[in-house]
Each structure stands twice: as structure tokens, then as C-alpha cells.
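Please open the model in your viewer and keep the selection panel at hand. The tour below proceeds stop by stop.

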Amino acid sequence: MVNCPLCDAVIDADEDELDEGDPLICEECGANLSVTGVSPIEISPDKDDDDDEDLDDEDFTDDEDEDDVDDDEDKEEEEEDWK
């Protein structure tokens with residue numbers, strides 16, 4: 001039995017078929033996971049998944065949000081197309 005390291009939910013995976021580095025997704029919390037050991041089975045959050053959370057916090061200040069950045073990019077593209 002394999003459990004998610006973040007929410008402790010049971011992950012439906014055939015332990016005999018898992019190899020180190022195999023990706024898994026927790027159906028309960030949606031976390032991207034990877035197999036870090038096979039004897040015994042060890043699962044850790046995927047490093048890419050952690051980086052995404054950090055970027056969300058660092059990239060935007062209180063005064064701007066993702067929508068503002070997307071709007072600015074759209075305006076720049078429209079101006080380039082118009083020229």
C-alpha cells in the first residue's frame with residue numbers, strides 16, 4: 001500500500017511495477033509525486049510541483065495579480081500586430 005506524503009490518501013499503484021523516478025498523481029489532493037525509492041516504496045512530492053507554488057508567491061506583489069500581467073501581455077501583442 002502506497003500513501004500520499006501530503007494528504008496520506010491511499011494511492012492505487014502496483015508496487016511491484018513501480019521504478020525509481022516514476023511519476024504518480026494523488027487522486028485525492030492532486031499532488032504530483034515521484035517514486036524516490038523502491039525497497040521499501042518511497043514517494044515524495046515532485047520537485048517541479050514545489051517550484052510552481054514558490055513562483056506564485058514570489059512573482060506577484062499585493063498590487064498586481066495574474067490577470068493584470070496577462071492583460072499587459074495582450075496589449076503589447078496587439079500593439080505589435082497593429083504596426
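Two strands are said to pair if DSSP finds at least two bridges between them. Helices (H or I, at least four residues) and strands (E, at least two) are DSSP runs, numbered from the N terminus. The model is predicted: local features need pLDDT of at least 70, side-chain atom pairs count only at pLDDT 80 or more, and totals for chains, interfaces and linings use all residues. Residues are numbered from 1 along each chain as its sequence is written, and side-chain values use heavy atoms, with hydrogens and water left out.

**Overview**

Display the whole chain as a cartoon. The protein has 2 helices and 5 strands, which follow one another along the sequence as β-β-β-β-β-α-α. Of its 83 residues, 17% are buried; buried means under 20% relative accessible area, exposed over 50%, and partly exposed in between (1.4 Å probe, protein chains only).

**Strands E4 and E5**

Select residues 32-38, which form strand E4, and residues 41-45, which form strand E5. These strands pair in the antiparallel sense over 5 bridges, in a hairpin with 2 residues between them. Which residue of E5 is the bridge partner of valine 35? The partner is isoleucine 43. Serine 34 is likewise bridged to serine 44 of E5.

Next, select proline 40, in the loop between E4 and E5. The peptide bond from serine 39 to proline 40 is cis, with omega near 0 degrees.

**Strands E3 and E4**

Add strand E3 (23-25) to the selection. E3 and E4 pair in the antiparallel sense over 3 bridges, and leucine 24 has leucine 33, in E4, as its bridge partner. The hairpin of E3 and E4 has 6 residues between the strands, and glycine 30 in this hairpin takes a positive phi near 80 degrees.

Stay with leucine 33, in strand E4. Is leucine 33 buried or exposed? Leucine 33 counts as buried because its relative accessibility is 1%. Measure to cysteine 4 in the viewer: the two C-alpha atoms are 8.0 Å apart, although 29 residues separate leucine 33 and cysteine 4 in sequence.

**Aspartate 8**

Move to aspartate 8, in the loop between strand E1 (2-3) and E2. Phi of aspartate 8 is near 70 degrees, a positive value in a residue other than glycine. Most residues other than glycine have a negative phi, and most peptide bonds are trans. Aspartate 8 is exposed because its relative accessible area is 53%. Its C-alpha atom lies 9.5 Å from that of cysteine 26, 18 residues away along the chain.

**The negative patch**

Finally, select aspartate 12, in the loop between strand E2 (10-11) and strand E3. Aspartate 12 has 77% relative accessibility and therefore counts as exposed. Which residues form a negative surface patch with Asp12? They are Asp14, Asp16, Glu17, Asp19, Glu27 and Glu28. Patches are made of residues with over 30% relative accessible area and no salt bridge, like charges being joined within 9 Å and nonpolar side chains (Val, Leu, Ile, Met, Phe, Trp, Tyr) within 5 Å. A salt bridge is a side-chain nitrogen of Lys or Arg within 4 Å of a carboxyl oxygen of Asp or Glu.

How values were computed. Accessible areas come from the Shrake-Rupley method with a 1.4 Å probe; for residues, only the protein chains shown count as cover. Lys and Arg count as positive and Asp and Glu as negative; His and the chain ends are not counted. The place of a charge is taken as NZ of Lys, CZ of Arg, CG of Asp or CD of Glu.
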